[in-house]
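Open the model in a viewer and keep the selection panel at hand. The stops below are meant to be taken in order.

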Amino acid sequence: MLVPCGRGKSINVMIEPRDNPTTAQRVMVLQIITAAMVLGVVMFGLVSVFALNSFQQPPAGQIVSIVAAGFALLAFVMHLFVPEAVAASVLKQSSASNRVDKLAAAYQTRHIVKLAILEGAAFFALVAGTV
């Protein structure tokens with residue numbers, strides 16, 4: 001592959017496929033994703049409480065809070081079952097030749113789906129508290 005390096009010149013570079021990530025690298029990726037998703041909810045909660053003073057005002061209506069509580073309960077139940085179904089689908093569709101790579105991809109997908117379901121419920125609860 002030719003890569004431009006300025007003034008009309010280019011160099012020939014050989015691109016090799018990356019080696020499989022190590023277990024430590026996979027764990028670090030999941031730690032970063034988990035921290036980002038949790039800290040997003042925490043930061044929104046802090047902004048909601050301190051900058052908007054949302055929890056110091058009397059509630060205007062309870063319907064949104066009731067819906068948020070129902071959604072949180074539904075999300076909790078969903079986070080127990082949905083990620084397993086998604087991980088099973090990933091295992092079936094994975095083209096990785098190594099079993100460890102297949103299992104790692106399935107676990108990573110399952111973990112992210114589980115966090116996303118819970119994060120959605122947390123954001124909805126925080127928004128319900130600010131309304």
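The tour starts with the whole chain and then moves to single helices, a surface patch and charged pairs.

**Whole chain**

Load everything and colour by secondary structure; note that this is a predicted model. The protein chain contains three helices and two strands, and along the sequence the order is β-β-α-α-α. Switch on the surface: about 9,600 Å² is accessible, and 68% of that belongs to carbon and sulfur atoms. Of the 131 residues, 16% count as buried. If you draw a contact map, restrict it to pairs at least 6 apart in sequence; 66% of those contacts join residues at least 24 apart.

**Helix α1**

Select residues 23-51, which make up helix α1. How far does α1 reach from its first C-alpha to its last? The distance is 41 Å for 29 residues, close to the 42 Å expected at 1.5 Å a residue.

Now pick out Leu30, Met37, Val41, Gly45 and Ser48, the buried residues of α1. Which helix do they pack against? Show α3 alongside, since the buried residues of α1 pack against that helix. While looking along the axis, recall that an α-helix has 3.6 residues a turn, so residues three or four places apart point the same way.

Step past the end of α1 to Asn53, where phi is positive, at about 50°.

**Nonpolar patch**

Return to the surface and select Val38, Leu39, Val42, Met43, Leu46 and Phe50. These residues form a nonpolar patch with about 580 Å² of accessible area together. Centre the view on Val42, which is placed in helix α1. Is Val42 buried, partly exposed or exposed? Its relative accessibility is 39%, so Val42 counts as partly exposed.

**Charged pairs**

How many salt bridges does a search of the whole structure find? The search returns two. Side chains of opposite charge can pair when their charged atoms come close.

For one pair, select Asp101 and Arg26, whose side chains meet in a salt bridge at 2.6 Å, N to O. Asp101 lies in helix α3 and Arg26 in helix α1, so this pair ties together parts that are 75 residues apart in sequence. Zoom in on Asp101: α3 covers residues 99-130, and Asp101 is buried because its relative accessible area is 13%, below the 20% cut-off. Next, show what surrounds Asp101. Leaving aside neighbours within four places in sequence, Asp101 is in contact with Asn20, Arg26 and Ala96.

For the other pair, select Arg110 and Glu84, whose side chains meet in a salt bridge at 2.8 Å, N to O. Arg110 lies in helix α3 and Glu84 in helix α2 (residues 63-93), so the pair ties together parts that are 26 residues apart in sequence. Colour both residues by accessibility. Arg110 is partly exposed, with a relative accessible area of 21%. Glu84 is at 38% relative accessibility and also counts as partly exposed.

**Last view**

Finish with α1, α2 and α3 displayed together and the charged side chains shown as sticks. Asp101 in α3 pairs with Arg26 in α1, while Arg110 in α3 pairs with Glu84 in α2. Add the buried residues of α1, which pack against α3.

Terms used. Residues are numbered from 1 along each chain as its sequence is written. This is a predicted model: local features need pLDDT of at least 70, side-chain atom pairs count only at pLDDT 80 or more; totals for chains, interfaces and linings use all residues. Side-chain values use heavy atoms; hydrogens and water are left out. Helices (H or I, at least four residues) and strands (E, at least two) are DSSP runs, numbered from the N terminus. Buried means under 20% relative accessible area, exposed over 50%, partly exposed in between (1.4 Å probe, protein chains only). Contact means heavy atoms within 4.5 Å. The expected span of a helix is 1.5 Å times one less than its number of residues. Accessible areas come from the Shrake-Rupley method with a 1.4 Å probe; for residues, only the protein chains shown count as cover. Patches are made of residues with over 30% relative accessible area and no salt bridge: like charges are joined within 9 Å, nonpolar side chains (Val, Leu, Ile, Met, Phe, Trp, Tyr) within 5 Å. A salt bridge is a side-chain nitrogen of Lys or Arg within 4 Å of a carboxyl oxygen of Asp or Glu.
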